[in-house]
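Biologist: Please take a close look at the sheet in this model. I would like to know how its strands are arranged and what lies around them.

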Amino acid sequence: PSATRTYDRVLLKISGEALMGPQGYGLHPPTVARIAQEVRSVHDLGVEICMVIGGGNIFRGLQGSAQGMERTTADYMGMLATVMNALAMQAALEDEKIHTRVISAIPMDQVCEPYIRRRAVRHLEKKRVCIFAAGTGNPYFTTDTAATLRANEMSCQAIFKGTKVDGVYDMDPAKHAEARRYDRITYDEVLQKHLGVMDASAIALARDNRLPIVVFSLDEPGGFRGILAGKGTYTIVH
Ligand code: UDP
């Protein structure tokens, strides 16, 4: 896989924290608007776009369970948080005049569409951005796993994981000046070295289906479009 190939259909995964901007919690509307512009610039190229957004800016299941709540209950709260983020992103994309559907793994018909694979594929063919919400619909999973699952189901050519750093490093670049970025790395190396790209189930699911993961910085304006054209710095997990 190479980031210089032409992409027809991709999945953009961002964490919930990516939407909170300089705040320590919740949604920061100017930041959500900026990410919507990043998506629009790729949509303008005719690329079909799926999105999965985390929920960590509002609620993280493990934190809830650490405070004594049953893990499954806390995880459902985390999944609901991703629906709120998806609705915020939908509103911001509509401000950019992009047709968008929020598609939830947990049916909530008054709020968004339930997940029906063929219907989602049809939306993509019609160039609607599909935001997949509520993770996989199951506790004990993460939105990284949900992203890998949906990217496989939608036959995406790659997952683009937008983060705060421009790729995968051998150690935390915020703490170690000598940290080195990988241009390419295999799924097995990521697992063996415990590099925090995605959780192990997500990496294994991508590996078993040969789905490349491109890690890049979302803080770079124009970064998403640039990465699709093979510009800028990034890491390909393959
Ligand atoms: N979650 C879950 N099942 C899923 C996806 C998410 O239970 O399939 C819950 C889990 O509690 C997780 C929370 O939703 O902590 C938010 O998702 P995640 O931590 O992946 O968000 P991110 O770190 O990307 O913001």
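Modeller: What follows goes through the sheet strand by strand, then turns to the helix on it and to the ligand.

The model is predicted, and everything below should be read with that in mind. The sheet is open and has nine strands, in the order β4-β3-β5-β2-β1-β6-β10-β11-β9. Its pairing is mixed. The edges are formed by β4 (113-114) and β9 (184-185), each of which pairs on one side only. At the β9 edge, the partner is β11 (residues 235-237); these two strands run parallel and are joined by two bridges. Within this pair, I185 stands opposite V237 of β11.

Toward the other edge, strand β3 (residues 100-104) pairs with β5 in the parallel sense, over five bridges. One point of this pairing is I103, whose bridge partner in β5 is F132. On the β2 side, β5 is again in a parallel pairing, joined to β2 by three bridges. Here M51 has I131 of β5 as its bridge partner.

β5 is also mostly covered, with five of its five residues buried. The cover extends to both faces of the strand: V129, I131 and A133 lie on one side, C130 and F132 on the other, and all are buried. Thus two residues already named as bridge partners, F132 and I131, belong to opposite sides of β5.

Next in the order comes the pair of β2 and β1. These strands are parallel and share six bridges; among the paired positions, V10 has I49 of β2 as its bridge partner. β1 is mostly covered too, with five of its six residues buried.

I14 lies in this strand, β1, and can be examined on its own. Why is I14 classed as buried? I14 counts as buried because 24 other C-beta atoms lie within 10 Å, and the cut-off is 20 or more. Setting aside neighbours within four places in sequence, the contacts of I14 are I35, I53, G54, G162 and L218. The C-alpha atom of I14 is also 6.8 Å from that of T163, although the two residues are 149 residues apart along the chain.

A helix accompanies this part of the sheet. α5 (residues 143-153) packs on the sheet and touches four strands: β1 (9-14), β2 (48-53), β5 (129-133) and β6 (159-163). The direction of α5 makes about 160° with that of β2.

α5 also takes part in the surroundings of the ligand. The ligand is surrounded by 24 residues, of which the closest are G54, G56, G61, G78 and G135. The elements that give two or more residues to this shell are α2 (61-66), α3 (71-95) and α5. The largest share, five residues, comes from α3. By class, the shell has 14 polar, six nonpolar and four charged residues. G54 links the two parts of this account: G54 is one of the contacts of I14 and one of the residues closest to the ligand.

As for annotation, UniProt lists residues 9-217 as "domain: Aspartate/glutamate/uridylate kinase", in an unreviewed entry. Over that range, the chain is 39% helix and 19% strand. The C-alpha atoms at the ends of the range are 20 Å apart.

Notes. Residues numbered from 1 in each chain as written. Predicted model: local features only at pLDDT ≥ 70, side-chain atom pairs only at ≥ 80, totals over all residues. Pairing = 2+ DSSP bridges. Contact = placed C-beta atoms within 7 Å. Axes fitted to C-alpha atoms, helices over the stretch in contact; angles between N-to-C directions. Near = placed C-beta within 6 Å. Nonpolar A, V, L, I, M, F, W, Y, C, P; charged D, E, K, R; others polar. UniProt positions renumbered as here; feature names shortened; annotations may be inferred. Buried ≥ 20, exposed ≤ 12 C-beta atoms within 10 Å, placed from the backbone.
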